[in-house]
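Me: I should like to learn how to read the features of a protein model. Could you take me through this one step by step?

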Amino acid sequence: MSTPLSQAAPAASLHDVAATPAPKPARRAARQAAITEPAWVRWTLLGVALAFIFLFLVLPLAAVFTEALRKGAGAALEALQEPDAWSAIRLTLITAAIAVPLNLVFGIAAAWAIAKYEFRGKAFLTTLVDLPFSVSPVVAGLIYVLMFGAQGWIGPWLQAHDIKIVFAIPGIVLATIFVTFPFIARELIPLMQAQGTDEEQAAIVLGASGWQTFWHVTLPNIKWGLVYGVILCNARAMGEFGAVSVVSGHIRGQTNTVPLHVEILYNEYQSVAAFAVASLLALLALVTLVIKQVVEWRFEREQKAAAELPPERPV
């Protein structure tokens, strides 16, 4: 006798079938099959990437240090102890010490305004922040010469009051600030936009002032992005050549930074001295990469630790 339809075992619905998860090995294999290229493609891409890194990064860096030590470590140290070299190093450090803190203030202010507020002209401000990325550093230097040079817009007034900007330290600092100010802002803007304004609004509702909200809520959330931006800004400030070359005047012992001093030594056929000083910039690049990796590692570790925290129970 046939079983009544009402007493038959219920058939699996389409929803139940779709909701039933596939075995984990099967899902993992399906994902790998969807994203994995043939072995020869992967090895080809890896080989091209490694060859590019070796030819354009590792080999030039090795050449700098090899040429610097070609006549021994004594000759390299002697080149670094020259008064002009010390003057260039001192001026580079002074320029970075002025430009980086100013860009730090600007970067935080610009990122805060763009990420936290809606106002007319916001897109234009974002475009202005990116302007130094699209303008040649040489053009940036010429802008300051046009403004503050002897024949510039403000030049006659500056000469009448014995104020020197172009071919002096202030011009070098201004040119460096121009080419480096997007770095911190560009690191913070997407980070602040992703975080939103909920935490700041909650702090204000609880009675915190604007400074307390920034110091105890916003700054801890952006600290690693801020450190990363400062690292990149400092590296660019110390290694800037084009804009500084235009406004410095190449006065040895006075307005030459380390990159300009390297150029002068190389043009005078003092190759060992030139590469010895250039090795300082190469070491700066390597140290910057190490610090960058440490910052990224710390940030990822904090993100992972935060993701593993149990959810808070509602009170």
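Reply: The discussion below treats confidence, overall make-up, one enclosed helix, one cavity and one buried residue.

Me: What is the average pLDDT of the protein?

Reply: This is a predicted model, and the protein averages a pLDDT of 83, with 87% of the residues scoring at least 70. Among the elements, helix α10 (residues 169-180) has the highest mean pLDDT, 93, and helix α1 (residues 14-19) the lowest, 42. Over residues 1-22 the pLDDT is below 50, and this stretch has three contacts in the model beyond near neighbours in sequence. Where pLDDT is low, the predicted coordinates should not be read in detail.

Me: How many helices and strands are there in the protein?

Reply: The protein has 16 helices and zero strands. Of its 315 residues, 33% count as buried. Among contacts with a separation of 6 or more, 71% are between residues 24 or more positions apart.

Me: Why is helix α15 described as largely enclosed by the rest of the structure?

Reply: A residue counts as buried when its relative accessible area is under 20%. Helix α15 (residues 258-267) is largely enclosed because seven of its ten residues are buried. These are Val258, Pro259, Leu260, His261, Val262, Ile264 and Leu265. Their cover includes α5, α13, α14 (242-248) and α16 (271-308). After α15 comes tyrosine 269, with a positive phi near 65 degrees.

Me: How should I look for internal space, and which residues line the largest cavity?

Reply: Rolling a probe the size of a water molecule over the atoms shows where empty space is left. Here the count comes to one cavity of 30 Å³ or more, and the largest cavity has a volume of about 40 Å³. Its lining consists of Thr92, Thr95, Ile172, Thr176, Ala237, Met238, Glu240, Val244 and Thr257. By class, four of the lining residues are nonpolar, four are polar and one is charged. At least two lining residues come from each of α5 (83-116), α10 and α13 (210-239).

Me: Is threonine 180 buried or exposed?

Reply: Threonine 180, which lies in helix α10, has a relative accessible area of 0% and is therefore buried. A polar atom of its side chain lies 2.6 Å from the backbone oxygen of threonine 176. Leaving aside neighbours within four places in sequence, threonine 180 is in contact with Asn103, Cys233, Arg236 and Ala237. Of the residues named here, threonine 176 and Ala237 also belong to the lining of the largest cavity.

Notes:
Residues are numbered from 1 along each chain as its sequence is written. This is a predicted model: local features need pLDDT of at least 70, side-chain atom pairs count only at pLDDT 80 or more; totals for chains, interfaces and linings use all residues. Side-chain values use heavy atoms; hydrogens and water are left out. pLDDT is the predictor's confidence in each residue, from 0 to 100. Helices (H or I, at least four residues) and strands (E, at least two) are DSSP runs, numbered from the N terminus. Contact means heavy atoms within 4.5 Å. Buried means under 20% relative accessible area, exposed over 50%, partly exposed in between (1.4 Å probe, protein chains only). A polar contact is a pair of N or O atoms within 3.5 Å; within protein, one must be able to donate a hydrogen and the other to accept it, and residues adjacent in sequence count only if both atoms are side-chain atoms. On a 1 Å grid over the protein atoms alone, a cavity is a set of points where a 1.4 Å probe fits but cannot get out, and a pocket is an open set with protein on both sides within 12 Å along at least five of seven lines; lining residues have an atom within 4 Å of a point. Grid points are joined across faces, edges and corners, and a volume is the space filled by probe spheres set on the points. Ala, Val, Leu, Ile, Met, Phe, Trp, Tyr, Cys and Pro count as nonpolar, Asp, Glu, Lys and Arg as charged, and the others, Gly among them, as polar.
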